[in-house]
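I opened this structure for a first look. These are my notes, in the order I made them.

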Amino acid sequence: MSDILKLIFGYGIMICLFAGGLTFFGYVAALIIGGNTAAVICAFIYKEIIPVIIYVSVVMVLVGLVAMYLAGE
C-alpha cells in the first residue's frame with residue numbers, strides 16, 4: 001500500500017512542480033506582451049492556477065506523509 005502511495009506522491013509532486021514552472025512562462029509572456037493584456041494574464045495565473053497548484057501540493061504532501069507512516073519510516 002505504501003508503495004502505491006509513494007508512487008502517487010512522486011507523480012503528483014512532479015506534476016505540481018511542472019505546473020509551477022509553466023506559470024513562469026506565463027509571466028514571461030505577459031512581460032513581453034505588456035499593457036492590459038499582461039495584467040489579465042497575470043491575474044488569471046495568480047487567481048486561478050496558483051491556488052490549484054497549492055491545494056494539490058498540500059494533498060500530495062499528506063499522501064506522502066501517510067505513505068511514510070505506513071512504511072514505518
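The entries below go from the helices to single residues.

**Entry 1: what I have.** I am working with a predicted model. I kept that in mind for every value below.

**Entry 2: the helix α1.** I looked up its limits first. Helix α1 covers residues 2–33, which is 32 residues. From first C-alpha to last, α1 reaches 46 Å. I compared that with the span expected at 1.5 Å a residue, and the two are close: 46 Å is expected. Before α1 there is a segment that holds Met1. Right after α1 comes Gly34. I checked the backbone of Gly34 and found a positive phi, near 75°.

**Entry 3: what is buried in α1.** Which residues of α1 are buried? I listed Ser2, Leu5, Gly12, Cys16, Thr23, Gly26 and Ala30. Then I asked what covers the buried residues of α1. The cover includes α2, residues 35–71.

**Entry 4: how α1 and α2 pack.** I needed two values here, because a pair of packed helices is described by the angle between the axes and the distance between them. The axes of α1 and α2 come within 8 Å. They cross at roughly 165°. An angle over 145 degrees counts as roughly antiparallel. So α1 and α2 are roughly antiparallel to each other. I noted the handedness too: α1 passes α2 in a left-handed crossing. Sorted by class, the contact of α1 with α2 has 25 nonpolar, 9 polar and 1 charged residues.

**Entry 5: Thr23.** I picked one buried residue to follow up. Thr23 sits in helix α1. Is Thr23 buried or exposed? Its relative accessibility is 9%, so Thr23 counts as buried. The cut-off for buried is under 20%. Next I looked up what Thr23 touches, leaving out residues up to four places away in sequence. I found Ile45, Ile49, Ile50 and Ile53.

**Entry 6: two valines of α2.** I turned to Val40, which lies in helix α2. Val40 has 57% relative accessibility and therefore counts as exposed. I took its separation from Ala30, a residue 10 places away along the chain. Their C-alpha atoms are separated by 8.6 Å. Ala30 itself is on the buried list of α1.

Val58 is also found in helix α2. At 52% relative accessibility, Val58 counts as exposed, because the cut-off is over 50%. I paired Val58 with Ile13, which is 45 residues away along the chain. The C-alpha separation of Val58 and Ile13 is 9.4 Å.

**Entry 7: Glu48.** How exposed is Glu48? Glu48, a residue of helix α2, has 47% relative accessibility and so counts as partly exposed. I also took the distance from Glu48 to Ala38. The two are 10 residues apart in sequence and 15 Å apart in space, C-alpha to C-alpha.

**Entry 8: Met1.** I finished in the segment before α1, with Met1. Met1 has a relative accessible area of 69%, so it is exposed. From Met1 to Ile15 I count 14 residues in sequence. Their C-alpha atoms are 21 Å apart in space.

**Entry 9: recap.** I close with the pair of helices. α1 and α2 are roughly antiparallel, and α2 is part of what covers the buried residues of α1.

Notes:
Residues numbered from 1 in each chain as written. Predicted model: local features only at pLDDT ≥ 70, side-chain atom pairs only at ≥ 80, totals over all residues. Heavy atoms only, no water. Helix = DSSP H or I, 4+ residues; strand = E, 2+ residues; numbered from the N terminus. Expected span 1.5 Å × (residues − 1). Buried < 20%, exposed > 50% of the residue type's maximum accessible area, 1.4 Å probe, protein only. Contact = heavy atoms within 4.5 Å. Axes fitted to C-alpha atoms, helices over the stretch in contact; angles between N-to-C directions. Parallel < 35°, antiparallel > 145°, perpendicular 65-115°, else oblique. Left-handed = near helix turned anticlockwise from the far one by under 90°. Nonpolar A, V, L, I, M, F, W, Y, C, P; charged D, E, K, R; others polar.
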